[in-house]
Every structure is written in C-alpha cells, then in structure tokens.
Protein chains: 2
Amino acid sequence: MSLSGDARSDHGSAASAVADDLAQLILGELAPGQSLPSEADLAGRYSVSRLTIREAVKLLAGRGLLELSRGRRAMVREPDGSAFTDFLTSLVRTDPKGLFDLVEVRLSLEMQSATMAAKRANRAGIIAIENALQGMRDSVGDSPDFADEAAEASFHAFDFGFHEAVALASGNRVLGYLFEAMAVPLREGFFISQRGHADRGHTPQDTIAAHQRILDCIREGNGRAAAEAMRIHLRDTERDIRMALTKMAQSPARS
Amino acid sequence: MSLSGDARSDHGSAASAVADDLAQLILGELAPGQSLPSEADLAGRYSVSRLTIREAVKLLAGRGLLELSRGRRAMVREPDGSAFTDFLTSLVRTDPKGLFDLVEVRLSLEMQSATMAAKRANRAGIIAIENALQGMRDSVGDSPDFADEAAEASFHAFDFGFHEAVALASGNRVLGYLFEAMAVPLREGFFISQRGHADRGHTPQDTIAAHQRILDCIREGNGRAAAEAMRIHLRDTERDIRMALTKMAQSPARS
DNA sequence: AGGATCAAAGGTATCAGATACCTCGGGAGG
DNA sequence: CCTCCCGAGGTATCTGATACCTTTGATCCT
C-alpha cells in the first residue's frame, strides 16, 4: 500500500510546504471564484520572499487549483478532469497496451453513463444528445462518403459531442469530468480507429444508426438497453482500433 | 463542446508558454526517469531568465509531470492518479451529492476491476488479494468488536488494500490509477460509512465474508460472479453512507 | 447631472545578481 | 580496496528593481 495520504510535498522545500498549506485552505475553505491574498501579503504571512510564494502558486496552478492572470490576484478554480489527462496521454503514448486499457475503462464508464442518462436525463439533456446526433447527420448527408475533410472533422466532433452529452446527461459529475479527462487521449485512438472503420466498409450511416439506438433507449428510460447499445457500439470501435493497430504494425507508416 | 484540446495555457505568459512547450517534450520524447537540462541551460534556450524557467518547472511539477529535488535536475515522472484527486476532493467537500456521484462511479469501476481480475489475475495478484484479506482477519480476530482503535484502523487499511489489490490484479493500469485517485476522497466516505455500519449491526466478520466471496469468485475465474459479489458488497457500503449522512443531517455533530 | 477619459494605485510577470545548501563523483589518505 | 573529504554542478531562496496589466476613482467635457 503506497498511498501516501495527502503529502504531495516533493521534498520539504519551503515552496512545497506553502503550496500544501494553501491547498488545504483552498480545498477546505475557499470557494471557486474567490481570490487569494496578494503575493506580498502571503509572503508576509509565511515569512518567505515573494518568489517562494510565486512558486507555490505556480505549483497549485499546475494542479488546476488556481487560475492566474496578470494584474489580478490568483483565483480559486474548480478543478476539473483535465488534471487526469496528462497521465492518460502519457500512458497511451508510452505503453502499447495503454490505449486498450483506456478503451476498456471507457467502455465501462460510458455504459454507466448511458444507464444513468436513461434513468435521470432531463429534457435539456435529451435535447443536447439529439442535437449532437443531428449534427452528425448534417455533416454527412445521405452519401456514404464525406464531402470533404471539413465534413469528416465535423462528423467526428459531433460524434464526440454525442458521447459527451450522454455523460453529462447522466447527472453524475464524476462521469462527466472523467469523460473530459479521457477526451484528448481518446481522440488519438479515435483517429486511428476511423481508418480501420473505413477499411471494414462501415459507413457513417452505420455509426449514426448505432447512436440512434442509444438515444432511443435513453429516451425510453431503458437503462439496461441503453448500456447494451453503448456496449455494442464501443465494442465495434474497439475492434476497429485493434485491426488498425495490427495493420499498422505490419506496414508501419510512421510520420 | 468546450473541449479546448490541449491548450492549458493560462494566459500566454512566458512561463506558461515554456511549460507547455516542455510538456510536449516530456510527454512526447522523454521517458520517465530521464532528467531535464539544467535550469541555466533551459533559460538560455528559451531566452528567458532562470526564474521563468523555474516557474514553468513548478507548473509542470504541479501537474505531476516532473519530480523536483534539491541539488539534482528535475526528473521526468510518470504521471499517476494523484492528479485527479484534487478534483474529487473538492467535489466531495463542496457538492453534497458529490460523494454519491463518486460512489456510483466507484461501483462501476470496481465491478470492472473484479471482472478483469477474475479473467486475468496472475499468481502474484491473487496472493496480494489474499494477503489483504488475511490482514483484515488478523486485525479483528474472532471478536465482533475491535480490540482498540489501532486494530480498527488496521482493519480499514487492509480493507482498502484489498480493493486496491483487486484493481491492480485487473492488469488495467487505468483502473489501478483511477482507484488510486479516488483513494483519499473515498477515505472520507469510508470513515463516515463505518459509523453507519456499526449502527446497522454489521460485524467485521460480515465484511470479511463479503470480501471472501469476491476473492473466491476471482480465484475461480468467474468474472460475472466476481462483479456481482463486488456490487453487493459496495451497495451495502453505499447504503450505510446514505444512512449515516441522513442521520448526521438530523443531529449535526460537527467538530 | 451624466458619461467618457485618464492617471494613480495595487498587482502580477519578469529580470539580474547573489548566497545557501544539496548531490555526486573523483582523488587523497588509510 | 575502502573511506573520507572536497570541489564542481545544481537547485532553493533572497533582495531589489523594472515592465506591464487591471481596477478604480477623480477629473473633465457635454
């Protein structure tokens, strides 16, 4: 068990100590939107130079706890999913298996999102999902091919937006933010998968139909079916990624 | 869709720009364990003062990408789950519903862990789980009550270790690190739940039995049963948390 | 009076130079 | 061959100063 509790302190340096102390204050007492005392003020309180305070503040900004802007005091920021992105990005880029680990977890979380969205989505949530789906339709039209690259990019953006809308409609903030954290790393996976997709003869209409099924189940409030529809859809995606990667391993076309 | 892609840049300050650039370098080319050039060197390359470099480095250290230690160069660090902890902590503390959102996601992830552990756990993974369970047994003995506070703390630590071991045995690094990220915030929940637990007449032996069932299913390789055993166990926990919170709302005993 | 303009105050961002202290490797001494 | 010590390289922090941004309130014009 290597769970070090709370101490993120690198090595007991003054800056780290101040940062830890401020983190407690921020997480415990300050609400997002409030601002910290001025650097000079803090320097006085902790009996260190302004420089040390600045470094502590930068440390916290890196953790996503503070938002800095020139000429104004540091503002407490509501942490969000982006904090986890670095880890996932690093994982996907360094560990060959990493992408599949991520996809596996994503499957689980998106099924959960679908289930909860079916149970709890309100009118606005449903509409957001519908809009995303409509956006996918508008991007591609009736043709099995994309008109141009812009249309294809738009299609993917709406596809992504669909999944995001489902996560948000679940009403579970952790799900929403986890999804956000996975966004960038998954985009790399998405990009790869789309190539495999085309190879297997899937059309954008197939993808749209899969999303439509998910939406229908959510609208009906059938959580179990929604999860299943999501599972089928994502399993397809996963298989495509696998195929694309295998193919890439055979004929490496590195940039 | 507010997914800003990659730009974490606060406001185009020099330090942020350097940090972003270094982040690309770290995530793209440097392996964990390697070290950055010296501050003076970097200051030269980017044509900024050493201070600016220091602030950029602190920013990255806050993101968990670098490990700093006095007298040595900054070392590239493998990001881990701790990056997500701040968000969850903030959520649990500020949003009354946050804890339940977290518990809900945790249920999903731990069921996934159990499933995967049943399918893929190797010998070492199983042993780690067994050890945690044995630790729970040793902490409490045959009595329905704990000998002292230390015994109780030890019991909880092993309980926690059990779940961690299952997550690790899943072989999915994302699951492992997500679990790690949830550790501290969940501990708060754990703490609360334990009070409800006692109220409902659950004994430590009940808890041990629940864990034993999970372990058995994993050992048998029965993923579905393992997930179900995990679900039952965690649902109990969740219910206890709910009860404890309701009770607390009625007679607030704040410190 | 009401609104636009501008200057000062308060802040942050960055620079330069200097000191304290830590780490590591190599060489002197045993 | 091992140990101890020292110097080189590095980071941590301090002081003092400058540049530039934001906010605000006083001033001035209409």
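In this predicted model, helix 9 of chain A keeps a good number of its residues buried: A:Pro204, A:Thr207, A:Ile208, A:Ala210, A:His211, A:Gln212, A:Ile214, A:Leu215, A:Cys217 and A:Ile218. The helix runs over residues 204-220, and its length can be checked simply: at 1.5 Å a residue, its 17 residues should span 24 Å, and the end C-alpha atoms are indeed 24 Å apart, so the two values agree. Just past the end of helix 9, A:Gly221 adopts a positive phi of about 80 degrees.

Turning to chain B, a loop joins helix 4 (82-94) to helix 5, and B:Asp95 sits in that loop. Is B:Asp95 buried or exposed? Its relative accessibility is 16%, and because buried means under 20%, B:Asp95 counts as buried. The side chain of B:Asp95 also reaches the backbone nitrogen of B:Lys97, at a distance of 2.9 Å.

The protein also meets nucleic acid. Around DNA strand D there are 22 residues, and those that come nearest are A:Ala14, A:Ser49, A:Thr52, B:Arg54 and B:Arg73. Of the atoms of DNA strand D that come within 4 Å of the protein, 80% belong to sugar and phosphate. Individual contacts with phosphate oxygens of the strand can be picked out on both chains. In chain A, a polar backbone atom of A:Ala14 lies 2.4 Å from a phosphate oxygen of DNA strand D, while A:Ser49 uses a polar side-chain atom, at 2.7 Å. In chain B, a polar backbone atom of B:Glu39 is 3.2 Å from a phosphate oxygen of DNA strand D. Two or more residues of the surface near the strand come from each of helix 1 (14-28) and helix 3 (50-62) of chain A, and from helix 3 (50-62) of chain B. Helix 3 of chain A gives the largest share, with four residues. By class, the surface near DNA strand D has ten charged, eight polar and four nonpolar residues.

A final feature is the largest pocket, which holds about 1200 Å³ of space. Which residues lie nearest its centre? They are A:Met111, A:Arg224, B:Met111, B:Arg224 and B:Ala227, among a lining of 30 residues. Helix 5 (98-120) and helix 10 (223-250) of chain A, along with helix 5 (98-120) and helix 10 (223-250) of chain B, are the elements that give two or more residues to this lining. In its make-up, the lining of the largest pocket has 14 charged residues, together with eight polar and eight nonpolar ones.

Conventions. Residues are numbered from 1 along each chain as its sequence is written. Chains are lettered from A and ligands numbered from 1 in the order in which they are written. This is a predicted model: local features need pLDDT of at least 70, side-chain atom pairs count only at pLDDT 80 or more; totals for chains, interfaces and linings use all residues. Side-chain values use heavy atoms; hydrogens and water are left out. On a 1 Å grid over the protein atoms alone, a cavity is a set of points where a 1.4 Å probe fits but cannot get out, and a pocket is an open set with protein on both sides within 12 Å along at least five of seven lines; lining residues have an atom within 4 Å of a point. Grid points are joined across faces, edges and corners, and a volume is the space filled by probe spheres set on the points. Ala, Val, Leu, Ile, Met, Phe, Trp, Tyr, Cys and Pro count as nonpolar, Asp, Glu, Lys and Arg as charged, and the others, Gly among them, as polar. A residue is near a molecule or strand if one of its heavy atoms lies within 4 Å of it. A polar contact is a pair of N or O atoms within 3.5 Å; within protein, one must be able to donate a hydrogen and the other to accept it, and residues adjacent in sequence count only if both atoms are side-chain atoms. The expected span of a helix is 1.5 Å times one less than its number of residues. Buried means under 20% relative accessible area, exposed over 50%, partly exposed in between (1.4 Å probe, protein chains only).
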